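Me: I'm new to this one and would like to know where the descriptions come from. Can you show it to me and then take my questions?

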Amino acid sequence: MTDLTLQQNAGTPPKLVVSGLHKTYGATVALHPTDLTLRSGEFMTLLGPSGSGKTTLLMMVAGLLQADGGELSIDGHKATYAPPWERGIGMVFQNYALFPHLTVFENIAFPLRMRRMPEAEIRREVARVLEIVQLPHTAQRQPRALSGGQQQRIALARCFVFKPSFILMDEPLGALDKKLRDQLQLEIKHLHKSLGITILYVTHDQEEALTMSDRICLMNGGRIEQLGTPAELYFEPATVFAADFLGESNFLEGKVRSNSPDGLVIDAVGGAISGAGNFAAGSAVKVMVRPESVRAALKPVEGWNAVPGTVRETIFVGGVTRHYIELADGGTVVALELTDRRTQPADPGREVFATWPVSATVVLAAEKGKMP
Amino acid sequence: MSLAASSRGAGRPSRLRQFTGRWGKLAPVLFFLLLLILYPVGKLLSLSFQGPGGVFSLQAYERLFASSVYVQVMVVTLKISFWTTLATVVISYPVARAIARLPGATRNRLMFWVQLSFWCSFLIRTFGWMVLLNRNGFISQTLQYLQIVDGPIDLLYSAPSVIVGMTHAMVPLCILTMVPVMEGIDENLSKAGMTLGGRPGSVFWRVYFPLSLPGVTAGALLVFITSLGFFIVPAFLGSRHETMITQLIIEQVQEYLNWGFAGALSLLLLVAALVIFTIYDRLLGISTLTGSSDRGVKAGAGPGWAGLIGLKICAGLGHVSDMLFSAIDRIFGNRGAGKPRRSGAGLEWAVVLAILAFLILPALIMVPVSFTAGSRINWPPEGFSLRWYQGLLDSPVWLQAATRSVIVALGAATLAMLIGTPAAFAIARQKLPGRTLILALVLSPLIIPRMVIAVALFYFYAQIGLVGSYAGLIVGHAVLAIPYVVITVMAVLKSYDTRYDQAAWNLGARPTQTLRFITLPLIKGGLISAFLFALITSFDELTIALFVTGGLTTTLPKQMWDDAINVATPILAAASTLLLVFVAVITLLIHRLQTKEQK
């Protein structure tokens, strides 16, 4: 397999095209009709809370769950109801699913044996991938004799040894501790780059999704909530859910006063807020701003949005300091600033303004009954 | 020094305290089993080495091997046990697999039917097969009705009928042994196999089957051991050509009172059982019997040559079944990525339900027979009447037998609980030297063929005058029930979080208070099921009762056995039906408790 990078993908057909795929269990809809395209060479993450439909979608792509309707095609071939063993896509399971009665060598050889590869070639290929994951000495061991991280790498090796069209990963790092998880995230990302593998990754961990993905497909309630690059999802969330799920966010309730070419003016607690977006005057909105954009200031900054409030608490969290500012309506805005030795902790009870640039203001449609 | 004197626990506990703390809970069970299992069995075996006048002699063994009759019986016993084991494993496997894979509610429902047939008396089920297989029985009549055969056919009194009856008796045990192993197999492994390119046949034979093998082996060994000691089925369903070794022991004891020869036969049976059990222990470890499979498959230094050959065979089987499946798919046009696949789930269900029907129906057939107006056990029942139930109520013999059974069962279950529960605590929680040995002793009533225990107890009771007494029967049954109590209580304790106890101690509760207010209330469900297991074991017990009761002191199973041997009127069917209802109620109670505990 030669190196493929994102740049040369324009000509290659998509690895996976999902259109209108859906699944229902009795009265519960696990996945509403969904469209999704996985480009060749990309690292896409299905991100969402449990029950959001990400695992259902993954299982249907793997062929382990039969769709109720819709279509999916792999490498341009229709594969909606193809059995898993004919799909030629790899899958790394949450608990690795290494066969406990087979050695590491036999585990990795399994997909090659299923493809009736000659013995000599099997030996060569297994040795090759063991080199790639840097575990050549473990070939004759039993999987349970390996550490979690090593098992993870063997599971990966078993997956890409048969050169699958792309690889599915179902929360593969969920069982590991934080330090190892961070290390393996980088390793997987590195393998993705150097081997040019296309990966469809499932996780509920937003930090993991931000770290690893080229694109994130955020799912909620059996639907795709938003699809985009990590930066798009972080800076331009399309919904309150998206804003709330990725990163930390402050929300203010408001009502659009006017919509002009210069932008929106929104009535919120403590005054007018400027923003951008396509909302009719009078519609209820939510104003979102990330804590790192907010400052606690004694007077409003010229040209910035500002709401008055009272400092309730200031917490030193090492590299950053967090100010909790209570607004007139009882709501709280968090302001995050880099800690400086000279920064004096603001006295609790002090009257301040929570202020942030207009460019950092995100205006979202207020969702009914869904308070984040 | 007043401070030192008032601070209790400042010094190490005395050696005596340590000793009683460690062995106190085990002492009753060890004493009980040494006195009632090891001593009598040892005594019986030593009798087999005594000639006339009590001198050492191999006379009994010379006689055993002198005539081909006895050797022939041993060969027949082994043969029947072998075929029974094979049939049992093949029939049990799909059901066990279904139970292990199904979600909660359906799984529990299947489990109930398996448990019901597990606890349903061998006697009743054997009677059921008599009704099914005899000349005027269900199958013969049905075949005639369908004009497949011309006249009545006799399916009874042959090796196949014995094997069918024994297989039927053994399948529940085998399923219950296999299920825990299969439940330990991660479903993702089969899925992973498929995403790696394995077709269902290959995935089953290369991944699932090798992983389920410990369960298969354990089930097979237990079935084989139990089969060696069978006497009810061959007695009623076999001819003299199917006589098994335990029937010879009964004959020697009941008709000739030849203890030496009975002892020699017992030794033979015991040795066979122990050899097989040693293999079991080597393969799986004895603790798998208590559900604590800390070892699982002995993970050695990789597979030996036997393992490699096994894997090759599995690979071959996988290839063959893949070709078979794809041929079937081609014939039925069940192919292609464009349309939904039909799964094999329907066929799997049909097989499982057919096997469950095979398990349940033979016992249920006694119900319609019990309402016959005729005077023989026949199919179809002639008319409808309650005369045989009336007959039961009018018969002092049956009523007394039933009363006696209830009293004995309650007594035996209580005794087994009092002795077995502390032992379970000790084995489950304490670090004990020789733990395996202790476990082996506690489980020995399951390992030693019941017939050997029964004959040994008979001899022992005869010496101390306990034959025909309540006490003898209660104590004997308690011995048999202890392993069930220990296994059940240990299983509950395994899932019990000892931090509750630690929290209680920390809050100031003494050990006895902790036990009373925290531990016992929390494991109440398990204790009740243990009690019910013991109750049912005693209520259903025939082997010990066969020898130590008689005349006016019979129990219900003994009375049924006598009746079946002598006259076999439909009163037997009526008694079976009532017993069936009783067992069903108890099983349901146990089942309720267990499913409640899962939640």
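Reply: Sure, starting with strands: two of them pair if DSSP finds at least two bridges between them. Strands (E, at least two residues) and helices (H or I, at least four) are DSSP runs, numbered from the N terminus. Thr24(A), for instance, stands opposite Val29(A) in S2(A). This is a predicted model, where local features need pLDDT of at least 70 and side-chain atom pairs count only at pLDDT 80 or more, while totals for chains, interfaces and linings use all residues. Residues are numbered from 1 along each chain as its sequence is written, with chains lettered from A and ligands numbered from 1 in the order in which they are written.

Me: How do you know that strand S1 (residues 16-25) of chain A and S2(A) pair?

Reply: They share seven bridges, in the antiparallel sense, and pairing needs at least two. Both belong to an open sheet of four strands in the order S2-S1-S4-S5 (chain A).

Me: What makes strand S2 (28-38) and strand S5 (77-78) of chain A the edge strands?

Reply: Each pairs on one side only.

Me: Why is strand S9 (residues 215-220) of chain A called largely enclosed?

Reply: Buried means that 20 or more other C-beta atoms, placed from the backbone, lie within 10 Å of a residue's own (12 or fewer is exposed, in between is partly exposed). Five of the six residues of S9(A) are buried, so the rest of the structure largely encloses this strand.

Me: Which strands pair with S9(A)?

Reply: Strand S3 (residues 43-47) of chain A does so in the parallel sense over four bridges, with Leu47(A) opposite Leu218(A). Strand S10 (residues 223-228) of chain A pairs with S9(A) in the antiparallel sense over five bridges. S9(A) and S10(A) form a hairpin with two residues between them, and Gly221(A) in the turn has a positive phi of about 55°.

Me: Over in chain B, why are H9(B) and H11(B) called roughly antiparallel?

Reply: Helix H9 (residues 159-183) and helix H11 (residues 200-228) of chain B pack at about 150°, with their axes 8 Å apart. Axes are lines fitted to C-alpha atoms, for helices over the stretch in contact, and angles run from 0 to 180 degrees between N-to-C directions. Under 35 degrees counts as roughly parallel, over 145 as roughly antiparallel, 65 to 115 as roughly perpendicular and the rest as oblique. The pair is therefore roughly antiparallel.
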